[in-house]
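Hi there,

Here is the structure I promised to pass on. Have a look at it first, and my notes follow underneath.

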Amino acid sequence: SRRLLVETPILIPTGQHTRLVSDDPSAVATSRAIEQVMQNKGGAMDDPLMKFRTMCSEGAKRPSAGESTSGASPSLLREQSLQIRQEAYASVCEDFPDTALLSWVAECVPDQGHLYVARHTFTLSAAVTGIVLYMLAIGSRRPQNIFLSRRSAHLLH
């Protein structure tokens with residue numbers, strides 16, 4: 001049996017509009033992994049996002065093979081939009097090495113001896129966090145809002 005758990009911060013109400021919140025000072029935003037890859041490539045942090053947006057807007061402007069968008073059904077337009085977004089996403093992913101996140105996590109742990117445990121904890125934590133956030137319909141799952149605890153290798157949202 002697996003021991004899956006979700007770590008939540010401790011909230012202590014101290015007044016009508018104030019609370020004390022537990023914090024993990026070792027937590028680092030996962031957006032640092034993107035920053036590191038982009039710095040190594042000589043680019044800016046927003047380059048992948050701008051590439052995605054540019055490709056989506058250019059793809060939306062071009063007509064599909066032999067069809068005009070004026071008479072297309074909404075479901076066809078939705079499928080075309082989804083295909084354009086998938087192509088743009090695949091193009092952005094090609095710019096990142098497969099080991100980008102792993103090398104960043106390896107730098108976040110104290111030493112290489114803890115890397116296996118950190119990878120295992122990170123994987124379980126990512127799975128549980130993804131499921132729980134999906135079930136609770138919590139949006140804003142972007143790298144700037146997801147943190148990795150250097151102390152425990154758990155993901156924090």
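In what handedness of crossing does H2 pass H3? The crossing is right-handed. Before you read on, please keep in mind that this is a predicted model.

Let me stay with that pair of helices for a moment. H2 covers residues 47-61 and H3 covers residues 74-94. Their axes come within 9 Å and cross at roughly 150 degrees. Since angles over 145 degrees count as roughly antiparallel, H2 and H3 are therefore roughly antiparallel to each other.

Who makes the contact? On the H2 side you'll find Pro48, Lys51, Phe52, Met55, Cys56, Gly59 and Ala60. On the H3 side, the residues are Ile84, Arg85, Glu87, Ala88, Tyr89, Ser91 and Val92. Sorted by type, the residues of this contact come out as nine nonpolar, two polar and three charged.

Phe52 is a good residue to click on here. It sits in helix H2, and, leaving out residues up to four places away in sequence, Phe52 touches Arg85, Ala88, Tyr89 and Val92. You can also check a distance from there: the C-alpha atoms of Phe52 and Gln86 are 9.8 Å apart, with their positions 34 residues apart along the chain.

Now for the cysteines. How many disulfides does the structure hold? The count is zero. Cys56, which is part of the H2 side of the contact with H3, is buried, at a relative accessible area of 16%. Cys93 is partly exposed, with a relative accessible area of 34%.

Stepping back to the whole chain, there are five helices and five strands. If you trace the sequence from start to end, the pattern reads β-β-β-α-α-α-α-α-β-β. The chain has 157 residues, and 25% of them count as buried. As for contacts between residues at least 6 apart in sequence, 65% of them join residues at least 24 apart.

Next, have a look at helix H1, which spans residues 31-41. Which of its residues are buried? They are Ser31, Ala33, Gln36, Val37 and Met38. The cover over them includes strand E3 (27-29), H2 and helix H4 (100-108), so H2 turns up again in this part of the picture. After H1 comes Gly42, which has a positive phi, near 80 degrees.

Two more residues are worth a click, one in a strand and one in a helix. Is Ser149 buried or exposed? Ser149 belongs to strand E4 (residues 147-149) and is buried, with a relative accessible area of 1%. Setting aside its neighbours within four places in sequence, Ser149 is in contact with Asp24, Ser26, Ala27, His154 and Leu156. Of those, Ala27 also lies in the range given for strand E3.

Ala127, for its part, is in helix H5 (residues 115-135). Ala127 counts as partly exposed, at 41% relative accessibility. The C-alpha atoms of Ala127 and Leu155 are separated by 9.7 Å, and the two residues are 28 apart along the chain.

That's what I have for now. Happy to go through any of it with you on screen.

Cheers

Key: Residues numbered from 1 in each chain as written. Predicted model: local features only at pLDDT ≥ 70, side-chain atom pairs only at ≥ 80, totals over all residues. Heavy atoms only, no water. Disulfide = S-S within 2.5 Å. Buried < 20%, exposed > 50% of the residue type's maximum accessible area, 1.4 Å probe, protein only. Axes fitted to C-alpha atoms, helices over the stretch in contact; angles between N-to-C directions. Helix = DSSP H or I, 4+ residues; strand = E, 2+ residues; numbered from the N terminus. Parallel < 35°, antiparallel > 145°, perpendicular 65-115°, else oblique. Left-handed = near helix turned anticlockwise from the far one by under 90°. Contact = heavy atoms within 4.5 Å. Nonpolar A, V, L, I, M, F, W, Y, C, P; charged D, E, K, R; others polar.
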